[in-house]
Amino acid sequence: MEASPAPPPESQLVHLPGSANAAEEPEGTAAAASKAGSTPHADGHLAPPALPRPSNRSRSDASNGEDPAPHHTASQGTSGASAASGESGAVSSASGRVSGEQSRTRRHSSDGGRRGLPPDTRQGNRFGCVALLERIPGCGCCLRLLEAFHAIRKKAAPRCRALNKNRVFQLAMFSALIAALFLPDVWILADRPSNQDLDVILTLVLFMFLVELFVQSIGLTRTYWGSFFFWMDLLGAASLLLDLSYITNAGGGASMSNNVVIMRAARIAKLGARAGRFTKLVKLLRFLPGMRESGSDQGTAKVISSRLITALSTRVSCLIIVMVMVMPLFSMWTYPEQDWSMKSFLDVLELTSVRQPHKFQWQLGEFGTFYDDKDYYPYRLSLKSGSETSFSENVTSLLPWTSPRGPPTRATNAVKLESQSLVAEFNFRKPHQLDSLMNIILLVIVMLLMVGFSLVLSNSVSAIVLRPLEKLLLQVRKMASTIFQSVTDMAVAVKDDAEAGDENDSEDDNDQQHLGGNAFGNETELLEKVVQKLAVLSEITMNKSVVDAETMEGLGEGDRAVIQGFQGATQTDAHPWNSEDESEKDEDDFEKMLNAQRAMVENAGLSLDLLNSVNLNPLELDKARNHAAAMYFVGPHNHGINFDPVMMSSFLEVAEAGYIKTCPYHNWFHAIDVTHGVYRLLRICAGDACLSSCERYALLVSAVCHDVGHPGLNNTFLIETAHELALRYNDRSPLENMHCARLFEFTSQPKCSIFSTLQKQQFGEVRKICIDAILHTDNAQHFAMIKEVQMMYEVNSEVLDASRDFYREDPDEFPTREAVDTFRQPESRKLLVKLMLHMSDISNSMKPFRICRIWAWQVLEEFFLQGDAEKRLGVPVQALNDREKVNRPFSQVGFIEFLVSPLLLAVVKVLPPMEAQADQMIQNTKTWHNLWLTETKPVPSEAEKRTMAERVAKLDARFLENS
């Protein structure tokens, strides 16, 4: 017992079956070793005669090239296959289950070879080969060679990994990569006479690529061998052979071939060489931020971010490369473009020399003159050997002919073309240089795209994943540590487990994949334990009342009041900013102004009931009544901001003059209609509880001028015709930008200074609100607004659903205090402002059908006038603009189905008072459907009727489902 060596920790022991206790193990091991011809190590482990098994010792032993693991010999057979017995860290072979304390090692099971796991788990492929060779007689030599190779690799692996991480080595490989990418084309641009010096450089580069391939294959066997980068490196190195002239015989001059198949094959070969060159670009990703290996000290968030960046950048880079390579393939099987002038001239010279020798000199001059303005040209024309006797002296005296522009310096720029007796040689230096320049530009563009997109992805991933996740995990730690002290102890325990587990890892586990696994194990295991405790605490804290709802309903008012008192129920002010906005207002003056406005409305012949209802139609009112209605809508009783009534009256008159009277739809009547819509939405949706005074004031003023100066033409028309407004506002909502500018041009006039009573900060807020609201009346923002409303509902669905239920029970209960808190969030208020203006702008389909039809006819007439203008200008006629093709009832059904209903049905979930408008919209759709059936000429077919009926029924079903 005393002479026995100190055993390693229990979590690292692999106990041999049959031993009485741990103290008897070394003796049994030595006996087994003597039978198998093996010698025991000093620590009691066996030195195997065959290939070494996985290590149970520290990394330091394995890094020295020593045998890292005990080997169970054939004589140990069954006993070697049985599991280790021991205390909490052992594995029972009978049950195959992990014992209690060994749960800390579960995260290492994917790596194999950890404590408590069978030693053959980690390198199953290699030992599978060993087991196969052991069963084959006479394979002892192969086993020894494999064993020797593995020992050499074990010794070389740490040095290869260190070399691969060396900055000098990385810089050298990067330089070799740049040389492989650009030098072949640079040599052509430089017009070097030959490729001999280039061959020397590229051969050295090829050797460096092979060295890098070998270093990474030895040092990072598990993660590199067979990976994406491995195949890209292999393909890139192989493609380099196509640029070596002593392999491709590219040193001689080229010859033109009339065989299309040969030319097509040459094009494919050239494309293949370029493809191999492009694949080497993927290696650039290794030098980008976020693409390097993650350290073991990095947490879950950084590991996820690093892996996501690597995966996305690699795929995007491959997509860019594939696109660049695939595009030329579409023309691969088309007939190649050729210049037949060279062949034609040669044939003409051939015939002239035979039939009209006296014209040969003139034709030869034409031959040289024709290419004076070309980038390529003939520099020599000669007779074939042995054909001199076939021509007259007039021909032979002129040949060989040479061009004063001279031959090419580079042999590959010379292109030969032959006829029956003549040989023409052309200088293609400039076309080849242009082709090389384009190749370099293409490489640079692809590199910039890869690097640019990779950096953008890196920043996006950091912003979307890394920083929020790190912040979340940090908050989890801080919050949990304030609740229970055991979080710190758990973190220390998990860290100790990770460090203990690292002692049993092999060198291959130093790569990125393994380090990521450790990071995931450390932080996520701690997070799992924290969340479990937080779940228990949440269950306790969320149950705020000890009395359930059913019991509360059965209690009397006094009992409920007592319980609510013990629970600390308090009331909050439903209008937190009204006192702030109105604290300096004179209540008497305010009441006088309100009474004056009501008297003005009544004197104009209007009733407040009409102004507060959906039956108001500005088209049916005269100028004075519309002016009085507008004054009432923007009055201070709707927002609490005081102003000079004379200035407001002047402002409304100037705004009315700013609208174009000849526009059938976008005129002053439409402005009054939209302002009325905003006024009603603020009333029925409790805008005073959700929006501040400045926001309501800005919203009503924006409604007055939201279409001021509208020419009756939409943005698309202005952009297509290069209208002044489109040029001024760079094609970005030109009409809406113009409306905003006109609004503040009006208010800048002294007589229209309706914002003069505001403080500077308030005016800045009002201006920002007006601009944002008017810009979002652009229909291009419609579907984005739908998504915003849907997102707002999904985030606050519980609160909004509860508020909707309260509204159905008692409309006066809308909105609930929780809903008010939701609506008062800055982003929610911003959405509500632009939503109310946009909904009012397209509210025609939500009005009673009598009014709905009038406005529909007005807007269609304006569309038709634009369509007439489009026909006159010869530009494409937009949808709904051709008066000869548009069916009016059919167009309104489509407008409601595809544009109005998606937004309104989403809004109803947030603002339940809009259900009445949604119901009216459905009724209008059915009425339009009936008009389509009765008024359409020719009568629709049965299939068309059935399709339309299905569309209307589907819309009705969506409304009922949403209700």
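Which residues form a nonpolar patch on the surface? The legends below take up this patch and further local views of the predicted model.

**Figure 1. Nonpolar surface patch with residues from helix α16.** The patch on the surface is formed by L189, L434, L437, M438, I441, I445, L449 and F453. Together these residues present about 650 Å² of accessible area. Helix α16, spanning residues 429–483, gives the most to the patch, with seven residues. F453 is found in helix α16 and is partly exposed, at a relative accessible area of 43%.

**Figure 2. Overview of the chain in the predicted model.** The secondary structure comes to 40 helices and seven strands. The chain has 963 residues, of which 46% count as buried. Among contacts in the chain with a separation of 6 or more, 73% are between residues 24 or more positions apart. The chain exposes about 49,300 Å², and carbon and sulfur atoms supply 58% of that area.

**Figure 3. Surroundings of H838 in helix α36.** Helix α36 covers residues 826–841 and contains H838. This histidine is buried, with a relative accessible area of 0%. The side chain of H838 makes a polar contact with the side chain of H782, at 2.9 Å. Leaving aside residues up to four places away in sequence, H838 touches H776, T777, N779, H782, M785 and L903. H782 therefore appears both as the polar partner of H838 and among the residues that H838 touches, and H838 itself is buried.

**Figure 4. Cysteines C685 and C740, outside any disulfide.** The structure holds zero disulfides. For C685, the nearest cysteine sulfur is that of C690, 8.3 Å away. C685 is buried, with a relative accessible area of 2%. Why is the sulfur of C740 not bonded to that of C770? The sulfur of C770 is the closest cysteine sulfur to that of C740, but the two are 8.1 Å apart, which is too far for a bond. A disulfide would require the pair of cysteine sulfur atoms to lie within 2.5 Å. C740 also counts as buried, at 6% relative accessibility.

**Figure 5. Cis peptide bonds preceding P400 and P938.** The peptide bond from L399 to P400 is cis, with omega near 0 degrees. P400 is placed in the loop between α15 (393–396) and β5 (401–402). Another cis peptide bond joins K937 and P938, where omega is about -5 degrees. The loop that holds P938 runs between α39 (915–935) and α40 (942–962).

**Figure 6. Positive phi values at D191 and L880.** D191 is not a glycine, yet its phi is positive, at about 55 degrees. This aspartate lies in the loop between α6 (167–189) and α7 (196–219). Is D191 buried or exposed? D191 is buried, with a relative accessible area of 15%. L880, likewise a residue other than glycine, has a positive phi near 75 degrees. L880 is found in the loop between α37 (849–873) and α38 (888–910). L880 is partly exposed, with a relative accessible area of 32%.

Terms used
Residues numbered from 1 in each chain as written. Predicted model: local features only at pLDDT ≥ 70, side-chain atom pairs only at ≥ 80, totals over all residues. Heavy atoms only, no water. Buried < 20%, exposed > 50% of the residue type's maximum accessible area, 1.4 Å probe, protein only. Helix = DSSP H or I, 4+ residues; strand = E, 2+ residues; numbered from the N terminus. Polar contact = N/O pair within 3.5 Å; in protein donor to acceptor, adjacent residues only side chain to side chain. Contact = heavy atoms within 4.5 Å. Areas by Shrake-Rupley, 256 points an atom, 1.4 Å probe, with all protein chains shown as cover. Patch = residues over 30% accessible without salt bridge, like charges linked within 9 Å, V, L, I, M, F, W, Y side chains within 5 Å. Salt bridge = Lys/Arg side-chain N within 4 Å of Asp/Glu carboxyl O.
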